[in-house]
Structure formats: structure tokens, C-alpha cells
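Reader: Before I read any labels off this entry, I would like to go through the terms one at a time. Could you set each value against its cut-off and then conclude?

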Amino acid sequence: MFYDKTKFEKIGSLTNTGSTDLVFVFPQRAHVKRVVLIATTAASAKATITVKKNGTSVGSFKNPTTVSAKGVIYADVGNVDADGTTSAIDSSFVVEGGDTFVDFAVGDYLTLTPGNTASSGVYDAFIEY
């Protein structure tokens with residue numbers, strides 16, 4: 001029997017506009033694997049999303065140009081995805097990249113900074129740890 005300690009935590013809402021960062025302060029230690037975005041409003045503009053730990057970039061990824069409402073994007077936290085290539089699987093998108101975990105201590109904070117000025121796409125943001 002396998003014991004899976006994987007957990008998901010909703011960290012807030014993220015908009016593609018680039019005007020507002022999403023910041024999450026960790027209440028406990030976490031070994032974070034990926035960011036999961038679930039579209040609540042369809043997106044029609046690609047955005048580069050920078051992932052930061054305590055204000056320092058640990059990776060970035062691009063969401064797909066078109067994501068329908070309820071579409072899901074999985075992106076490894078420590079990934080640097082320069083070309084924005086994604087693999088579509090059952091209406092979900094997996095951002096191509098490496099397997100990188102990032103450790104967060106109590107009080108550390110994760111920031112998601114969207115880099116697109118188009119007001120297209122709103123996501124519920126989760127972390128997998």
C-alpha cells in the first residue's frame with residue numbers, strides 16, 4: 001500500500017492583468033511541487049507568470065493562449081518555461097518543465113506575478129505540496 005502525503009491548498013485568485021500579485025504566506029513548512037490554476041473566467045491571452053519565494057524568483061511559466069472556463073493548468077514551481085509550450089490532456093494543460101520542489105518555512109511567502117496587460121483570464125490558484 002502506498003501512502004500519499006500530497007496536499008492541495010487554495011492560495012487565492014489570480015488575474016492575467018499583471019496589475020496585482022498573488023501573495024501567500026505559509027502557516028506551516030511545505031515542500032511545494034507545483035502551482036495549479038483553474039480558470040473561473042476564460043483566458044484568451046498568454047501571460048508569463050513569475051513564481052517567487054520571499055521576493056526572489058524561483059521560476060516562471062506561461063499559461064496557454066486560450067484556456068476555457070474550468071480549464072486547468074499545472075506548472076512546476078521551480079520551472080523556467082521560456083517558450084510557453086504546454087501539453088493538453090483532457091482539457092487540462094501541463095506546462096513542460098522539470099521536477100523541482102521548493103521548500104518554504106513558516107512565515108515564508110510565495111508570490112505569483114502575472115505579466116500580461118490584457119484583462120483576460122481569472123484563475124483560482126492552488127499549490128500542490
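Author: Let me begin with the polar contact, which is a pair of N or O atoms within 3.5 Å, where within protein one must be able to donate a hydrogen and the other to accept it, and where residues adjacent in sequence count only if both atoms are side-chain atoms. The model is a predicted one, in which local features need pLDDT of at least 70 and side-chain atom pairs count only at pLDDT 80 or more, while totals for chains, interfaces and linings use all residues. Residues are numbered from 1 along each chain as its sequence is written, and side-chain values use heavy atoms, with hydrogens and water left out.

Reader: What makes the pair of Thr113 and Asp21 a polar contact?

Author: The side chains of Thr113 and Asp21 come to 3.2 Å, and the limit for such a pair of N or O atoms is 3.5 Å, so the pair is called a polar contact. Thr113 is found in strand S11, strands being DSSP runs of E with at least two residues, and helices runs of H or I with at least four, numbered from the N terminus. Leaving aside neighbours within four places in sequence, Thr113 is in contact (heavy atoms within 4.5 Å) with Asp21, Thr48, Ile49, Thr50 and Lys52.

Reader: Why is Thr113 called buried, and why is Tyr109 called partly exposed?

Author: Buried means under 20% relative accessible area and exposed means over 50%, with partly exposed in between, using a 1.4 Å probe and protein chains only. Thr113 has a relative accessible area of 16% and is therefore buried, whereas Tyr109, placed in strand S11 (residues 109-114), has 32% and so is partly exposed.

Reader: What makes Val23, Val25 and Tyr109 a nonpolar surface patch?

Author: Patches are made of residues with over 30% relative accessible area and no salt bridge, with like charges joined within 9 Å and nonpolar side chains (Val, Leu, Ile, Met, Phe, Trp, Tyr) within 5 Å. Tyr109, at 32%, is one of the three names in this patch, the others being Val23 and Val25, and the patch has about 250 Å². Accessible areas come from the Shrake-Rupley method, with only the protein chains shown counting as cover for residues.

Reader: How do you know that Lys10 and Asp124 form a salt bridge?

Author: The closest N and O atoms of Lys10 and Asp124 are 3.5 Å apart, and a salt bridge is a side-chain nitrogen of Lys or Arg within 4 Å of a carboxyl oxygen of Asp or Glu, so the pair qualifies. Because Lys10 lies in strand S1 (residues 8-15) and Asp124 in strand S12 (residues 122-128), the pair ties together parts that are 114 residues apart in sequence. Lys10 has a relative accessible area of 45% and is partly exposed, and Asp124, at 21%, also counts as partly exposed.

Reader: Which residues are joined into one network by salt bridges that share partners?

Author: Asp76 forms a salt bridge with Lys33, the closest N and O atoms being 3.2 Å apart, and another with Arg34, where that distance is 3.5 Å. Asp76 lies in strand S7 and Arg34 in strand S4, so this second pair ties together parts that are 42 residues apart in sequence. Both Asp76 and Arg34 are buried, and shared partners join Lys33, Arg34, Asp76 and Glu128 into one network. By the same rule the count comes to four salt bridges.

Reader: What makes the phi values of Asn54 and Lys70 worth a remark?

Author: Most residues other than glycine have a negative phi. Phi of Asn54 is near 50 degrees, which is positive, and phi of Lys70 is near 75 degrees, also positive. Asn54 is found in the loop between strand S5 (48-53) and strand S6 (56-62), and at 30% relative accessibility Asn54 counts as partly exposed. Lys70 lies in the loop between S6 and S7, and its 72% is over the limit of 50%, so Lys70 is called exposed.

Reader: How many helices and strands does the chain have, and what share of its residues counts as buried?

Author: The chain comes to zero helices and twelve strands, and 43% of its 129 residues count as buried.

Definitions and conventions
Accessible areas come from the Shrake-Rupley method with a 1.4 Å probe; for residues, only the protein chains shown count as cover.
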